[in-house]
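Hi everyone, thanks for coming. Let me put the structure up on the screen, and then we'll walk through it together.

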Amino acid sequence: MTISIRRNPTDHCLELGGGSRPMLNPQCRGGNDVCLDVRLCQDEQGNQCVDIVADLNEPLPLSSNEFDGVFGHFVLEHVSWRKVPQLLVECHRVLKPGGKIVMVAPNTEAQMAWIKDNPDGWDGKDAFESMSCVLFGDMDYEANSHKAYFNPGIATGLFQAVGFTNIKIQP
C-alpha cells in the first residue's frame with residue numbers, strides 16, 4: 001500500500017505511532033513535524049525517530065490548536081476500543097481550525113473475509129499463526145496488539161461523533 005500525503009511544506013503536523021519508520025518528518029530528525037509514539041524508537045541507522053513518548057490511551061501531552069494535520073498509519077487499532085473515542089477527541093483538540101486528520105486503519109470485516117478465503121494460512125505460516133497475527137497484531141512488544149474493531153461505517157460514526165466533518169473512507 002502506498003500513501004501519498006499532499007500538504008503545504010510549512011504545515012506543522014503530528015504523526016501518531018510513527019515508530020522507527022515515521023512517514024512524516026519529525027523534529028528529532030530536523031523536520032517540522034512531531035512524532036508521538038508509545039515508546040522511543042530508532043531507525044536502522046540508530047537515529048531517534050520519536051519526539052514524544054506518550055500513552056495513546058491517555059490525553060495527549062500537547063497544546064490545543066497546535067497542528068495543521070494529524071496522521072496515523074495503523075495506530076488506532078492498537079488503542080483500547082474504550083479509549084478510541086477519547087483519542088479522536090484529543091486529535092480534534094490539537095488540530096488548528098480547518099486542520100485535517102488522516103488515519104489508516106484495518107477493516108476488520110475485510111480481514112475476516114481474507115482469513116475465510118485463506119484457511120491454510122499464508123506467508124509460510126500455518127493457519128493459527130497467520131490468522132492470529134492478522135486479527136490481533138504482531139505482539140512483538142506489549143502495545144503492538146489490536147484492541148479495536150473497525151469497518152467503514154464504524155469509522156465514520158466515530159469521527160462524526162467527535163465533530164469531524166467531510167469524512168472520506170477509502171478501501
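Let's start on the outside: the accessible surface of the chain comes to about 10100 Å², and 51% of that belongs to carbon and sulfur atoms. Areas here come from the Shrake-Rupley method with a 1.4 Å probe, and for residues only the protein chains shown count as cover.

Before going on, some housekeeping. What you see is a predicted model, where local features need pLDDT of at least 70 and side-chain atom pairs count only at pLDDT 80 or more, while totals for chains, interfaces and linings use all residues. Residues are numbered from 1 along each chain as its sequence is written, and side-chain values use heavy atoms, with hydrogens and water left out.

Okay, the overall layout. We have four helices and five strands in the chain, and from the N terminus on they run β-β-β-β-α-β-α-α-α. The radius of gyration is 17 Å, close to the 16 Å that the globule rule gives for 171 residues, so the chain is as compact as a globular protein of that length. Helices (H or I, at least four residues) and strands (E, at least two) are DSSP runs, numbered from the N terminus. As for that radius, it is taken over C-alpha atoms, and the globule rule is 2.2 Å times the number of residues to the power 0.38.

If you'd like a box to picture, the C-alpha atoms fill one of roughly 50 × 40 × 30 Å, taken along the principal axes. Of the 171 residues, 39% are buried. By that I mean under 20% relative accessible area; exposed is over 50%, and partly exposed is in between, with a 1.4 Å probe and protein chains only.

Now contacts, which means heavy atoms within 4.5 Å. Take the contacts with a separation of 6 or more: residues 24 or more positions apart account for 53% of them.

And charges: there are 14 positive and 22 negative side chains, with the centres of the two sets 7 Å apart. Lys and Arg count as positive, Asp and Glu as negative, and His and the chain ends are not counted. Each charge is placed at NZ of Lys, CZ of Arg, CG of Asp or CD of Glu.

Let's zoom in on helix α1, residues 84–94. Which of its residues are buried? They are Val-84, Leu-87, Leu-88, Glu-90, Cys-91 and Val-94. These cover an arc of only 155° around the axis, which puts them on the same side of α1. The arc, by the way, is that of the directions from the helix axis to the C-beta atoms. And what covers those buried residues? The cover includes β1 (13–16), β4 (67–73), β5 (95–104) and α4 (152–161).

Next, helix α2, residues 108–117, where Thr-108, Gln-111 and Ile-115 are buried. Down the axis of α2, its buried residues fall within an arc of 55°, so they line one face of the helix. They pack against α3 (127–136). Turned away from that buried side, the other face of α2 carries the exposed residues Lys-116 and Asp-117.

Stay with Ile-115 for a second. Its relative accessibility is 12%, so it counts as buried. Leaving out residues up to four places away in sequence, Ile-115 touches Trp-122, Met-131, Val-134 and Leu-135. Compare its position with Gly-98: the two are 17 residues apart in sequence and 39 Å apart in space, C-alpha to C-alpha.

On to the loops. Gln-42 sits between β2 (34–37) and β3 (52–53), and at 52% relative accessibility it counts as exposed. Outside its neighbours within four places in sequence, Gln-42 is in contact with Ser-20, Asn-47, Gln-48 and Cys-49. Gln-42 and Arg-21 are 21 residues apart in sequence, and 8.3 Å separates their C-alpha atoms.

Here's a bit of backbone geometry. Most residues other than glycine have a negative phi. Phe-74, in the loop between β4 and α1, has a positive phi of about 55° although it is not a glycine. Its relative accessibility is 32%, so Phe-74 counts as partly exposed. Asp-123, in the loop between α2 and α3, also has a positive phi of about 55°. With 69% relative accessibility, Asp-123 counts as exposed.

Last stop: Thr-165, in the segment after α4. Is Thr-165 buried or exposed? At 66% relative accessibility, Thr-165 counts as exposed. Its C-alpha atom is 9.8 Å from that of Lys-100, 65 residues away along the chain.
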